[in-house]
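Work through the exercises below with the structure open. Each task is followed by a solution in steps.

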2 protein chains.
Amino acid sequence: MTILAYGTPAGDQPLDRMEITRREVGAHDVRIEIIYCGICHSDLHQARGEWAGTLYPCVPGHEIVGRVAEVGAHVTSHKVGDLVGVGCIVDSCQHCAECADGLENFCDGMVGTYNGPSADAPGHTLGGYSQSVVVHDRYVLKITHPEDQLAAVAPLLCAGITTYSPLRHWGAGPGKKVGVVGIGGLGHMGLKLAHAMGAHVVAFTTSESKREDALKLGADEVVVSRNADEMAAHAKSFDFILNTVAAPHDLDAFLALLKRDGTMTLVGAPATPHPSPNAFNLIMKRRAIAGSMIGGIPETQEMLDFCAQHGITSDIEMIRPDEIEDAYARMLKGEVKYRFVMDIGQMAG
Amino acid sequence: MTILAYGTPAGDQPLDRMEITRREVGAHDVRIEIIYCGICHSDLHQARGEWAGTLYPCVPGHEIVGRVAEVGAHVTSHKVGDLVGVGCIVDSCQHCAECADGLENFCDGMVGTYNGPSADAPGHTLGGYSQSVVVHDRYVLKITHPEDQLAAVAPLLCAGITTYSPLRHWGAGPGKKVGVVGIGGLGHMGLKLAHAMGAHVVAFTTSESKREDALKLGADEVVVSRNADEMAAHAKSFDFILNTVAAPHDLDAFLALLKRDGTMTLVGAPATPHPSPNAFNLIMKRRAIAGSMIGGIPETQEMLDFCAQHGITSDIEMIRPDEIEDAYARMLKGEVKYRFVMDIGQMAG
């Protein structure tokens with residue numbers, strides 16, 4: 001079927017309305033009428049061709065929420081009318097150790113919601129800046145939040161799980177001191193989630209102006225990371241630091257704040273490398289620098305249920321599809337608190 | 001008491017014989033007549049002033065084995081005549097969380113066997129290139145190896161524990177694939193220990209000439225790390241990689257060999273930073289780069305007992321004290337298989 005989408009034919013062209021097709025619903029497929037789609041920084045990187053390998057036409061969007069419109073003959077987990085979500089993953093090999101462990105995000109055959117290999121036209125996946133999507137039921141998540149929160153749920157599908165997964169994996173919870181570096185789309189979710197998990201949460205920001213916001217979002221303390229005295233007061237005290245900043249920056253300043261056996265986990269990848277961290281900072285306290293990438297499907301469902309239970313959504317600003325280029329420009333300037341969400345209902349214009 | 005030692009009055013002076021004093025034996029002290037002392041690369045760095053803060057005169061040596069000659073009134077764990085060892089640690093605060101956990105190596109008040117703060121003359125600790133040493137009994141290890149292996153036990157006190165501790169901490173054992181990068185003083189111990197722990201062990205070397213040696217030391221496979229095809233054959237397959245190479249090198253080449261959730265641990269600190277690792281290599285498989293530094297006292301005893309039980313010692317070449325400068329020169333050229341040990345009995349000349 002032919003639907004409307006917002007995408008671009010080339011990296012140097014603005015996003016605009018276009019027609020795309022979606023496959024017929026197969027036995028294991030779910031067709032979702034998309035209601036809202038969150039706007040992730042990755043969308044911009046991919047659309048602009050800033051990462052190697054963008055396939056055009058490119059339709060970004062992997063923070064999808066909507067309503068089930070049709071299900072295949074073998075689908076039992078979802079039914080027409082259900083509120084559902086789709087995140088960054090729409091397929092994987094389904095037989096490797098990672099898939100068996102519910103960590104489809106680490107499957108070598110993981111297919112991204114956009115720019116992934118696909119038998120469907122045009123030969124690669126097209127994302128959620130579109131009126132509908134057809135997805136294998138394994139990768140469709142149930143949404144149990146109240147329906148009036150649906151737009152603010154959308155960013156949980158990427159920003160939420162990308163922060164929830166490492167917080168859980170590295171044991172954020174009562175009795176743990178957890179840092180969240182950067183208060184943007186990812187970081188603001190990290191603060192809410194770490195707080196709800198019961199950790200003592202410290203927000204790190206370069207911007208004094210975000211201090212009040214960070215406290216409202218769930219931080220117990222806020223440190224302006226450019227203030228050496230404020231930083232020094234937290235030396236060797238953190239169990240875990242979630243670093244959401246993709247821009248190259250001094251990792252050593254944060255490594256020094258970890259206690260023995262502490263880990264700092266990066267969820268943003270810089271376009272050019274961070275300054276090389278000092279091996280002594282790792283060796284002296286058996287610290288680690290790790291990375292984490294989104295999360296598996298079962299954990300994404302767990303995250304959505306956790307958020308529904310704790311009343312957690314993203315702080316969002318709604319945009320019309322035809323405002324996407326302005327939104328990208330503002331995102332680059334950090335002028336969003338804290339996630340844009342596209343109102344797909346206005347796509348027909 | 002006054003004894004003979006080998007040390008240097010300044011970073012630009014060769015090591016030579018000198019007289020030093022040792023304190024009287026206190027209630028908790030053990031006086032050890034040193035029989036052998038291993039030669040660690042750290043000794044050279046410290047003696048030459050290549051690390052900030054060398055205190056002179058400098059007497060290196062922290063791979064000490066010998067016989068108990070005198071014990072204080074409150075010492076019950078050691079008795080005159082026992083074969084004992086002293087490693088890198090001769091004191092710590094004894095009341096912090098690290099000390100309580102038997103991880104004195106991570107205590108902020110840890111006192112190194114040389115160049116550490118001390119009330120004894122000359123105001124800092126003097127190491128094992130000397131005829132005797134007086135040490136608090138907490139930091140004295142029991143040696144249960146046969147006495148004729150004593151010289152080859154000495155390097156276990158630093159090279160042994162520095163590799164044993166991370167191998168244990170990151171779970172080297174049956175069913176695990178473990179890499180050891182670099183086949184020198186540390187790496188050759190890493191191969192022996194990982195093999196004895198039951199892991200599948202892969203040695204990485206830049207030198208084709210070390211292939212046979214690595215197999216004899218315990219490697220199941222050897223990879224010449226300059227051979228891209230050999231490296232690629234091991235992609236995403238390691239649970240743990242112990243990296244003993246202190247020279248700056250490409251960490252990404254090894255990170256790419258870790259499976260999901262794998263860790264590479266650095267035990268050598270380069271004088272100038274490694275090229276900055278690619279964050280994508282961490283993020284894509286939730287990998288980690290960590291560090292580890294020697295080990296705690298209980299774990300050092302555990303390591304010595306494990307080695308005695310498995311018949312593990314270091315491969316050594318014995319030198320006279322007056323050969324130390326030649327030994328340093330050869331160490332810098334990598335011409336030692338795999339550890340020099342100083343015969344302290346020849347110090348009187």
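**Exercise 1.** Identify the residue of chain A that forms a salt bridge with Asp108(B), and count the salt bridges across the interface.

Solution. This is a predicted model. Start from Asp108(B): its salt-bridge partner is Lys236(A), with 3.1 Å between the closest N and O atoms. That distance falls within the 4 Å that the rule allows. Then extend the search to the whole interface of chain A and chain B, where the rule finds eight salt bridges. For polar contacts, the search across this interface gives 17 residue pairs, both residues being at pLDDT 80 or more.

**Exercise 2.** Describe the side of chain A that touches chain B by its elements and by residue class.

Solution. First list the elements of chain A that each supply at least two residues to this side: helices H2 (97-100), H4 (159-169) and H9 (279-283), and strands E14 (258-266) and E15 (288-291). Next sort the residues of that side: 20 are nonpolar, seven polar and nine charged.

**Exercise 3.** Determine how E15(A) and E15(B) pair.

Solution. Strand E15 of chain B covers residues 288-291. Its pairing with E15(A) is antiparallel and runs over three bridges. To check the register, take Ala288(A): opposite this residue stands Ala290(B).

**Exercise 4.** State the extent of the interface between chain A and chain B.

Solution. Count contacts: 36 residues of chain A meet 36 residues of chain B. Then take the area: the two chains bury about 3,000 Å² between them, with 60% of it on carbon and sulfur atoms. Finally, in chain A, the residues that lose the most area to chain B are Arg260(A), Ile283(A) and Arg286(A), together 25% of what that side buries.

Note on methods
Residues are numbered from 1 along each chain as its sequence is written. Chains are lettered from A and ligands numbered from 1 in the order in which they are written. This is a predicted model: local features need pLDDT of at least 70, side-chain atom pairs count only at pLDDT 80 or more; totals for chains, interfaces and linings use all residues. Side-chain values use heavy atoms; hydrogens and water are left out. Contact means heavy atoms within 4.5 Å. Buried area is the accessible area (1.4 Å probe) that two parts lose on being put together, summed over both. A salt bridge is a side-chain nitrogen of Lys or Arg within 4 Å of a carboxyl oxygen of Asp or Glu. A polar contact is a pair of N or O atoms within 3.5 Å; within protein, one must be able to donate a hydrogen and the other to accept it, and residues adjacent in sequence count only if both atoms are side-chain atoms. Helices (H or I, at least four residues) and strands (E, at least two) are DSSP runs, numbered from the N terminus. Ala, Val, Leu, Ile, Met, Phe, Trp, Tyr, Cys and Pro count as nonpolar, Asp, Glu, Lys and Arg as charged, and the others, Gly among them, as polar. Two strands pair if DSSP finds at least two bridges between them.
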